[in-house]
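The following note is offered to a colleague who is beginning to read protein structures. Please keep the model open while going through the numbered points.

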Amino acid sequence: SKRLEAIKITLENLPYAGNVKYKTHIEDIGWQDWRKNGELSGTTGQSKRLEAIQIRLTGEMANKYVIYYRAPAEDYGWLGWAKNGASAGTIGLSKRLEAIEIKLVEK
């Protein structure tokens with residue numbers, strides 16, 4: 001029952017050129033701009049919850065892999081899998097994300 005307030009996502013030892021890009025939907029703020037490779041998305045010290053996330057790959061990584069991700073939302077539990085930039089979480093329901101699971105699957 002703890003909320004996520006910010007996230008950094010990195011891919012290490014990439015077999016192909018490319019980045020992981022992600023953006024988050026934040027309580028009372030809305031969608032932030034896209035971040036990449038370990039940059040902070042969310043807020044710190046403001047007690048604002050993450051409500052949704054979008055993640056995608058770029059470059060050759062996007063040609064070779066699909067990125068899947070899902071999150072448990074307050075009062076809902078684990079939601080279904082999203083992929084390649086689709087939204088995971090809730091928007092406009094004031095429900096916090098409590099974790100994020102991410103998987104890379106080779107095409």
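1. The note begins with a charge placed against an aromatic ring. The charged end of R70 sits over the ring of W78, at 4.4 Å from its centre. This is a predicted model, and the statements below should be read accordingly.

2. R70 also takes part in a salt bridge: its side chain meets that of E101, with 2.8 Å from N to O. The two residues connect distant parts of the chain, since R70 belongs to strand β7 and E101 to strand β12 (residues 101-106), 31 residues apart. R70 has a relative accessible area of 22% and is therefore partly exposed. E101, at 23%, is likewise classed as partly exposed.

3. A second charge over a ring should be noted. Here the charged end of R56 lies over the ring of W34, 4.4 Å from the centre of that ring.

4. How many salt bridges does a search of the whole structure find? The search gives 10. One pairing joins the side chains of R3 and E5, at 2.8 Å from N to O. R3 is partly exposed because its relative accessibility is 37%, and E5 is partly exposed at 24%.

5. Another salt bridge joins R49 and E27, whose closest N and O atoms are 3.2 Å apart. R49 is in the loop between β5 (41-42) and β6, while E27 is in the loop between β2 and β3 (30-31), so this pair ties together parts of the chain that are 22 residues apart in sequence. Why does R49 count as buried? Its relative accessibility is 16%, and buried means under 20%. E27 is buried too, with a relative accessible area of 16%.

6. The pair of point 5 belongs to a wider arrangement: E27, R49 and E51 are linked in a network of salt bridges. E51 is placed in strand β6 (residues 50-57). With a relative accessibility of 5%, E51 counts as buried. Its side chain makes a polar contact with the side chain of R49, at 2.9 Å. Beyond its neighbours within four places in sequence, E51 is in contact with several residues, among them H25, E27, T90, S94 and L97.

7. Strand β6 also matters for the nonpolar interior. The largest nonpolar core has 17 residues, and those with the most contacts inside it include I53, I55 and L57, as well as V20 and I67. The elements that give two or more residues to this core are β2 (20-26), β6 and β7 (65-70). Which element gives the most to this core? It is β6, with 4 residues.

8. L57 may be examined individually. Leaving out residues up to four places away in sequence, L57 touches L11, N19, V20, A62, Y65, I67 and L104.

9. The structure holds 1 aromatic pair. The ring centres of Y16 and Y65 are 6.3 Å apart and the ring planes stand at 55 degrees, so the pair is described as tilted. Distant parts of the chain are linked by this pair: Y16 is in the loop between β1 (6-7) and β2, and Y65 is in strand β7, 49 residues apart. Is each partner buried or partly exposed? Y16 counts as partly exposed at 30% relative accessibility, whereas Y65 is buried, with a relative accessible area of 15%.

Technical notes: Residues numbered from 1 in each chain as written. Predicted model: local features only at pLDDT ≥ 70, side-chain atom pairs only at ≥ 80, totals over all residues. Heavy atoms only, no water. Buried < 20%, exposed > 50% of the residue type's maximum accessible area, 1.4 Å probe, protein only. Polar contact = N/O pair within 3.5 Å; in protein donor to acceptor, adjacent residues only side chain to side chain. Contact = heavy atoms within 4.5 Å. Core = buried A, V, L, I, M, F, W, Y, C linked by side-chain atoms within 4.5 Å. Phe/Tyr/Trp six-rings, centres within 6.5 Å; stacked < 30°, edge-to-face > 60°. Lys NZ or Arg CZ within 6 Å of the ring centre and 35° of its normal. Salt bridge = Lys/Arg side-chain N within 4 Å of Asp/Glu carboxyl O.
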